[in-house]
Amino acid sequence: MNGVSNLMLAGKTDVGEIAFIDLKAQQRRIRQRIEARLQAVLDHGRYIAGPEIEELEALLAEKTGAAAAVACASGTAALIIPLLAEGVDTGDAVFLPAFSYNATANAVLLTGATPVFVDIDPETFNMDAADLARRIDEVKREGRLRPAAVIPVDLFGSPADYPAISAVARRHDLFVLADGAQGYGGKLNGKWVGNLAPATATSFFPGKALGAYGDAGAILAQDLSVIERWMSIRWHGTDAARKNSVCVGFNGRMDSFQAAVLLEKIAIFDEELAARRMIAEIYERRLTGAVRPQRHLPGAQSGYGYFTIRTPGRDHVAASLKAQGVPTAIYYSTPLHKMPAFERYAPAGGVKVTESVCADVLSLPMHPYLTPDQAHYICDCVEAAVRANEP
Ligand SMILES: Cc1ncc(COP(=O)(O)O)c(C=O)c1O
């Protein structure tokens, strides 16, 4: 295996240049097919609501086992639309993990509801159902807000604990909206992300495991009854004839160019997912013990949008990896309840596990075009950095 001492210049290594996410390699593979798809949009000229949208929606439903899909302008739009459709409003409490991207909290606040931050499991990094139950009881005891919805997040691609969270939600009559923005390609107990909750929002931001060439997202439904309303909200709240406003909505649509790109990316997604899993398997086998890789629930498979570890002295490890040509990223160094926009919603006692996880997480390069040699090189570098950092 390649040793860490045998290095080339920064950004490059003796196993080639290592990218954190490599969109260029993917594009080289499918560029011609994407160009043909984009050309088709230019030819038919239906830049909004072109045939690519319905084709993509049908394919997303088929791939995930959802009853239907609604293509959206972004993952954020895909979060807001089901909340609005459910009637989530001022005076409602919506529960979400404190360890997520800010969009999860923004979506709640944009409906007028109040975010209630829930702690996570220290190994899976996803919402802790027991803490959810405690925070719901607290909100009920306080009596100021009505518990209305819960948003589990499939962080880094690993499905949240839907069975446990759904059981709590059923007891308290909460709507479950999965934030699967990072979750596409994940599976739990034989079901794909998209078919694990009544509504799942996903994001096709370019860097996601399934990414467009711009902003895009989708909502996946387990039940057809919600689709008409979601489609209406996505199109300024109009009726099917697009004439009358029947509810409050906004421009939440995906454009035809993004759908065209996604159709070609979905065609290679299964192969890419297998490649991500192969890299993750090397990381997990080599690194478990030296560091703490994200664990997945029994019966779960991650979509491996990201590969994240916990390690003390994270900043030293990151600096050492950078010096060896290995790019890393920190998702997330600040919990949501400590960010200026959300700190007024911080629970009195803090959100302790989230705070400790934010202090030592580090995401390693993860994409389908990493070679096994590169993955082993990265493991060599991580092991060496951790050893050098030991007291
Ligand atoms: C967990 C999570 N939720 C929501 C979003 C929002 O998605 P978008 O950027 O497509 O609006 C993201 C995007 O990064 C995310 O990671």
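Helices here are DSSP runs of at least four residues, numbered from the N terminus. Keep in mind that this is a predicted model.

**Exercise 1. Work out which residues and helices surround the ligand, and what classes of residue make up the shell.**

Step 1: Start with the neighbours. The ligand has 15 residues around it, and Gly75, Thr76, Asp179, Ser203 and Lys208 come nearest.

Step 2: Look for the helices. At least two shell residues come from each of helix H3 (75-85) and helix H4 (102-110). H3 gives the largest share, three residues.

Step 3: Sort the shell by class. You should end up with six nonpolar, seven polar and two charged residues.

**Exercise 2. Find polar contacts to oxygen atoms of the ligand, then say how much of the ligand the protein buries.**

Step 1: Set the cut-off, which is a pair of N or O atoms within 3.5 Å.

Step 2: Check the backbone. A polar backbone atom of Gly75 sits 2.8 Å from a ligand oxygen.

Step 3: Turn to the side chains. Thr76 places a polar side-chain atom 2.5 Å from an oxygen atom of the ligand, while for Gln182 the distance from such a side-chain atom to a ligand oxygen is 2.9 Å.

Step 4: Now the burial. On its own the ligand would expose 390 Å², and the protein buries 91% of that.

Step 5: Place the ligand: it sits in the largest pocket.

**Exercise 3. Decide whether the protein is as compact as a globular protein of its length.**

Step 1: Count the elements: twelve helices and 13 strands.

Step 2: Compare the radii. The protein's radius of gyration is 21 Å and the globule rule gives 21 Å for 391 residues, so the protein is as compact as a globular protein of that length.

Step 3: Add the dimensions. The C-alpha trace spans about 65 × 60 × 35 Å along its principal axes.

**Exercise 4. Track down a cis peptide bond and a positive phi in the backbone.**

Step 1: Recall the background: most peptide bonds are trans, and most residues other than glycine have a negative phi.

Step 2: Go to the bond from Tyr331 to Tyr332, which is cis with omega near 5 degrees. Tyr332 belongs to the loop between helix H10 (314-323) and helix H11 (352-360).

Step 3: Next, Phe125. Although not a glycine, Phe125 has a positive phi of about 65 degrees. You'll find Phe125 in the loop between strand E3 (114-118) and helix H5 (129-142).

Definitions and conventions:
Residues numbered from 1 in each chain as written. Predicted model: local features only at pLDDT ≥ 70, side-chain atom pairs only at ≥ 80, totals over all residues. Heavy atoms only, no water. Near = heavy atom within 4 Å. Polar contact = N/O pair within 3.5 Å; in protein donor to acceptor, adjacent residues only side chain to side chain. Areas by Shrake-Rupley, 256 points an atom, 1.4 Å probe, with all protein chains shown as cover. 1 Å grid on protein atoms, 1.4 Å probe; cavity = no way out; pocket = protein on both sides within 12 Å on 5 of 7 lines; lining within 4 Å. Sits in = over half its atoms within 2 Å of the grid points. Nonpolar A, V, L, I, M, F, W, Y, C, P; charged D, E, K, R; others polar. Rg over C-alpha atoms; globule rule 2.2 N^0.38 Å.
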